[in-house]
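The following exercises concern a ligand site and some backbone features. Each task is followed by a worked solution.

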Amino acid sequence: MELPFAESYKIKMVEPLRKSTREEREQWIKEADYNLFQLKSDQVYIDCLTDSGTGAMSDRQWAAMMMGDESYAGSSSFFQLKETITKITGFEYVIPTHQGRAAENVLFSHLVTAGAIVPGNSHFDTTKGHIESRKAFAVDCTVDEAKDTQLEVPFKGNVDPKKLEAVLAEKAELVPFIIVTVTNNTAGGQPVSMQNLREVRAIADKYGKRVIFDSARFVENAYFIRTREEGYGDKTIKEICKEMFSLADGMTMSSKKDGLVNMGGFIATRHEDWYEGAKRFCIPFEGFLTYGGMNGRDMAALAVGLDENTELETIETRIKQVQYLAAKLDEYGIPYQRPVGGHALFVDADRVLDQIPKEEFPAQTLAIELYIEAGVRGCEIGYILADRDPVTRENRFGGLDLLRLCIARRVYTNNHMDVIAAALKNVYDRRHEITRGVKIVWETELMRHFTVKLERL
Ligand code: F0G
């Protein structure tokens, strides 16, 4: 008999989970103004809010922490991190930052000015925020396939070369760079193919533009290239990563995802002028260049995490757990962004709660119902997160309305996946009884989803 697939690790330290009653959860979510970001973590049983900074570190990473060098300047942990990043990406210049959005802030402070146009594939909300807050425009050039959740195509995160070329043909002088998010979080953790990265590179070269990868989940992207794109099945994950980054000029990184650490980020680039420009903003915003908002020990753990996660066994264990959960949803007939992506399952709330109008935020409603059902906390990646159009101030209903269930790295077992799936099935089975959604009673101008206050209708 062929042995089944199993995790590439065993567990050395555990943390208790807390269960609660439906009545308690109804009270708590009301007190949280129906915003799942406002819940306390001990009011949550299984936390699928995000895969960002929620993973478990390995014994090697904890060991590295003890060796961290906390020198203000010239920390050996920084050089260890820099060497690892250069080995994986080929980028020579590295600036650490305290997380991904800080990397965006530092680099975009140098590159993005009012009126600029930054084309890309479904910019993440902080990326969009850092562009729009500078009175510049993020133009989404994602392939149309990404909008049809039921369409089964291997690289739904791709940039549509025609859309990208159209932006450049018309307004090239306003474009400081192109940004490609790997994997494409907002479109459902969907990967971008190597072929597509090559096409983007060719268009960028034609117009003399540079390309940044928003690389939060670059290893997951490399795994999908290995398993779905012809010619990559025999390559190592590290070889694929190297090839991906050979097509970019620089990267912003949230190390809280594929870096396998709880906090951290960085900028890396092959261009000295970008490095020199960004340096000027690192020092006032983040700190001196050899720590940029990170502890020495955290840089040491990140160096190990990056090396560890770019090994096949580590990333395969992760993706297979997400695929295990997806197979359960298939069994129950629950619609989600297909095929399942790298870090999360994105349930198509518009299809599940099809009687709830967009104005009442179906995905947020589904997130609330799932929490009340079983204490499983998901996250709306939909109309609330999309914010309002900066010019018209209207809600943006043009994209997808999804309930994202993120899987933390190396934290939950497949038994927890079974609980998540069963809870979702219970909500799905009573979906016709859920006829009203929520309305916004208080919101901020940018990134409103974190603090929005809602009322149930
Ligand atoms: N880019 C992508 C693609 C992201 O998913 C995130 C964060 C960031 C940049 C910003 O990084 O959080 O370290 O400042 N995504 C988290 C999430 C918050 O839940 O998807 P950060």
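**Exercise 1.** Which helix gives the most to the shell around the ligand, and with how many residues?

*Solution.* The model examined here is predicted. Begin with the shell: 17 residues surround the ligand, and the closest are Thr50, Arg101, Asp214, Ser254 and Lys257. Next, assign residues to elements: helix H4 (residues 100-111) gives the most, with three residues. Finally, sort the shell by character: two residues are nonpolar, eight polar and seven charged.

**Exercise 2.** Identify side chains that have a polar atom at a short listed distance from a ligand oxygen, and state how much of the ligand is covered.

*Solution.* Take Arg101 to start: a polar atom of its side chain lies 2.6 Å from an oxygen atom of the ligand. For Asn185, a side-chain N or O atom is 2.9 Å from a ligand oxygen. For Arg217, the distance from a side-chain N or O atom to an oxygen of the ligand is 2.9 Å. As to cover, the ligand on its own has 470 Å² of accessible area, of which the protein covers 95%.

**Exercise 3.** Locate the cis peptide bonds that join Val182 to Thr183 and Arg338 to Pro339.

*Solution.* The bond between Val182 and Thr183 has an omega of about -15 degrees; Thr183 is in the loop between strand S5 (178-181) and helix H7 (194-206). For Arg338 and Pro339, omega is about -20 degrees, and Pro339 is in the loop between helix H12 (312-332) and strand S9 (344-348).

**Exercise 4.** Is Phe361 buried or exposed?

*Solution.* Phe361, which is not a glycine, has a positive phi of about 55 degrees. Its relative accessible area is 3%, so Phe361 is buried, the cut-off being under 20%.

Terms used. Residues numbered from 1 in each chain as written. Predicted model: local features only at pLDDT ≥ 70, side-chain atom pairs only at ≥ 80, totals over all residues. Heavy atoms only, no water. Near = heavy atom within 4 Å. Polar contact = N/O pair within 3.5 Å; in protein donor to acceptor, adjacent residues only side chain to side chain. Areas by Shrake-Rupley, 256 points an atom, 1.4 Å probe, with all protein chains shown as cover. Helix = DSSP H or I, 4+ residues; strand = E, 2+ residues; numbered from the N terminus. Nonpolar A, V, L, I, M, F, W, Y, C, P; charged D, E, K, R; others polar. Buried < 20%, exposed > 50% of the residue type's maximum accessible area, 1.4 Å probe, protein only.
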